[in-house]
Each structure stands twice: as C-alpha cells, then as structure tokens.
There are 2 protein chains.
Amino acid sequence: MPSFLEQASDAIRQSGGRMTGQRQIIVNLLESATGQLDVDDLHRLARKQDQHISLATVYRTLNVLEDAGLIQPRYQSPEHEHKYYERVGSGQVYHFTCRVCRKIIPFHSELIQELKHHLSKQLDLEVLNACVCLDGLCPECQKQQAQTDR
Amino acid sequence: MPSFLEQASDAIRQSGGRMTGQRQIIVNLLESATGQLDVDDLHRLARKQDQHISLATVYRTLNVLEDAGLIQPRYQSPEHEHKYYERVGSGQVYHFTCRVCRKIIPFHSELIQELKHHLSKQLDLEVLNACVCLDGLCPECQKQQAQTDR
DNA sequence: CTGTTATTGCAAATCATTTGCAATAAGCTT
DNA sequence: AAGCTTATTGCAAATGATTTGCAATAACAG
C-alpha cells in the first residue's frame, strides 16, 4: 500500500497542486501522529524541522488535505471546544473524552453501522458520515469522584 | 412542573444573578423554539421585542444559561460549522444534516442508549453525554443527484 | 423609595482563521 | 542542467465570531 505521503502527493498533483517541503513535513506529522494534533501542535512540531514555516501555511495545507478527503477535523468534547485533525479511513474509530482529566479513549462499535442502516431504511437517508463524540468520566476519575463525595 | 422561565430565574438567582427583561426574552425564545436557533437568530428575534437588545447581551445570556446547565450548544454538520443552542433534557433527539440542501432532520434511536450501556460495561466508562451528528443526502437530494449523474 | 451592585449597550479588544501580495520554488519543457 | 510558468510561501493585514472594559441603567433587598 502507498504511504500517506505518496497518497497525499498523488491527490495534490491530481488537482494541479504541488508537493512542497512544508507540506511533506505536515503530512508526515499527521501520519506518525499517535494522538490528536491541533493546528498549533502541528505548527509547533513543524517548526522543529523548518524554523520559518508559517501558521498560514499549516492552515492552508490542512485545507488542501481536507479538500482532498485525506484528513478530517474532529472535536474532543461535546462542546467541541477543540478541533484537531486526523487521517480519514484509519478505521472507524470514535472517541470518548473524560470531563475531568481530558483523556481521550478511542472505541469502535458495530452499533453505529447499525444506526446508519436503520436510518437508511426508515427515513430513506443516505448517511455519508457519522460523528459520534461521547463524554463523561473515565474509570480513574470515577474513583476519585467517589472519594471526594465521601 | 415549573416553566423554563421559572427554572431559569431560579437557577440565575441561585448564583446571585438577576432575571432581567432581556434575559426573559431570550429564555422565552429558547423555550418556544421548534427548530435550531443560533446566536444571530436569537438576536434577530429578540430585537422584535426589544429594539435595542445587543448581540453582546445575547452572548452573555447564553453563557449564563449554559453555565447553569439549562442549555447546551449543538452543532449541525460533522464539520460543525454552525453552532446553535437548545434546552438540555428536552428528550434525546439527534440530527441528520443534508450535505446539499442543509436541511436538518431530527431522529432518535435506542441504539444510542445501547451504545452507552455497552461502553459502561466494556470499558467501565460513565457516559454523561453523547453527541451524534450524521450527515449525507436527504431523500430529495438523492433523487436530484441521480438525475445529474445521468 | 433608596442604595447597592449585577447587567446593559456600545465600542474596542481578542482569538482563530483567511487572504492579498511580492518573493520563492516545484516541476514541466527543452 | 537551465529556463519558464505559476502554485505556494511568509508576512502582515483583513475577517468573522465571541468577549470584555466602562459608564449608564435597572433589579431587587431593605
């Protein structure tokens, strides 16, 4: 399978764009990202490889990749304070955020597929995307909460 | 049961605040809202009752109500371009947005409850809130799309 | 009715994101 | 490898949404 960098290069060239050094840096950061990177994270990390890369370029690159369908913005909390970017198609993974410690716990469930099918049948909708964000208390913070209540 | 206005008055007084004329207008708009009202909708509608109510006051009132746990911000699309406000606890209704005509179709499903239970059991998470936003094509726009493809 | 102080409207400030422009560099053509 | 075209860059300024400082106003406790 092609690397994410190759995928991105192809997609960008396809639409008459160019793969630049700055874009490579950002694409590679997105590929190797284990966690969630927001715009400022990406800018900060990219600067370590290219002192002079500008925030505007990070924004523009993210928009190019999003238009190409390679990445998607996601939001952490249900109030969606914080937007970060991740590769699409990296498996349908959804996220649970702990209200207290802000930890993000990924999960996936066939129930979401099922929900899509239900809606297709019942309401005749063609569901192209599902955004499911849960929040609440992680196991650790539940324990801590129980202590405080005493 | 107390009206939403009474609920709001009590909650605001509880924290040493005051129920003003402007706040009453906004609270009533939120109570009677059938659809989704965003900040500008609320400002526009509120002006019909009070010519001089300012946008800043609408923002401040929404923040007060949100802090009191009476309303919650919601987002229409998975990209969450548009934020609107609705009362909490007004039944768990989720929304599907058509990518083409932007129409919003509300739905609800037991599958989401089921998902919460699954996660409680499997990952020991206490799920306090679920944000589920779907998007895709509504029946009408599916037909239109089919025509264009020919 | 009076006094205290939370709230208001306004304008200016802030924050995230986008954009205009001149300089640079990607990558096709030779 | 060199030249040419034009997409991309960095910067600074613009934009759009939301917040805030301040003096004037109005809630509501006494």
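I will go through the surface near DNA strand C and then one helix pair in chain A.

This is a predicted model, where local features need pLDDT of at least 70, side-chain atom pairs count only at pLDDT 80 or more, and totals for chains, interfaces and linings use all residues. Residues are numbered from 1 along each chain as its sequence is written, chains are lettered from A and ligands numbered from 1 in written order, and side-chain values use heavy atoms, without hydrogens and water.

First, the DNA. There are 19 residues around strand C, and Y59(A), Q22(B), R23(B), T57(B) and R60(B) come nearest; near means a heavy atom within 4 Å. By class, that surface has 4 nonpolar (Ala, Val, Leu, Ile, Met, Phe, Trp, Tyr, Cys, Pro), 8 polar (the others, Gly among them) and 7 charged residues (Asp, Glu, Lys, Arg). The largest share, 4 residues, comes from α4(A); helices here are DSSP runs of H or I, at least four residues, numbered from the N terminus.

Of the strand C atoms within 4 Å of the protein, 69% belong to sugar or phosphate. A polar side-chain atom of R13(A) lies 2.9 Å from a phosphate oxygen of strand C, and a backbone N or O atom of M19(A) lies 3.0 Å from a phosphate oxygen of that strand.

Now the helices. In chain A, α1 (residues 4-14) and α2 (residues 21-32) pack at about 135°, axes 9 Å apart, with axes fitted to C-alpha atoms over the stretch in contact and angles running from 0 to 180 degrees between N-to-C directions. α1(A) and α2(A) are therefore oblique, meaning not under 35 degrees, over 145, or 65 to 115.

Terms used. A polar contact is a pair of N or O atoms within 3.5 Å; within protein, one must be able to donate a hydrogen and the other to accept it, and residues adjacent in sequence count only if both atoms are side-chain atoms. Helices (H or I, at least four residues) and strands (E, at least two) are DSSP runs, numbered from the N terminus.
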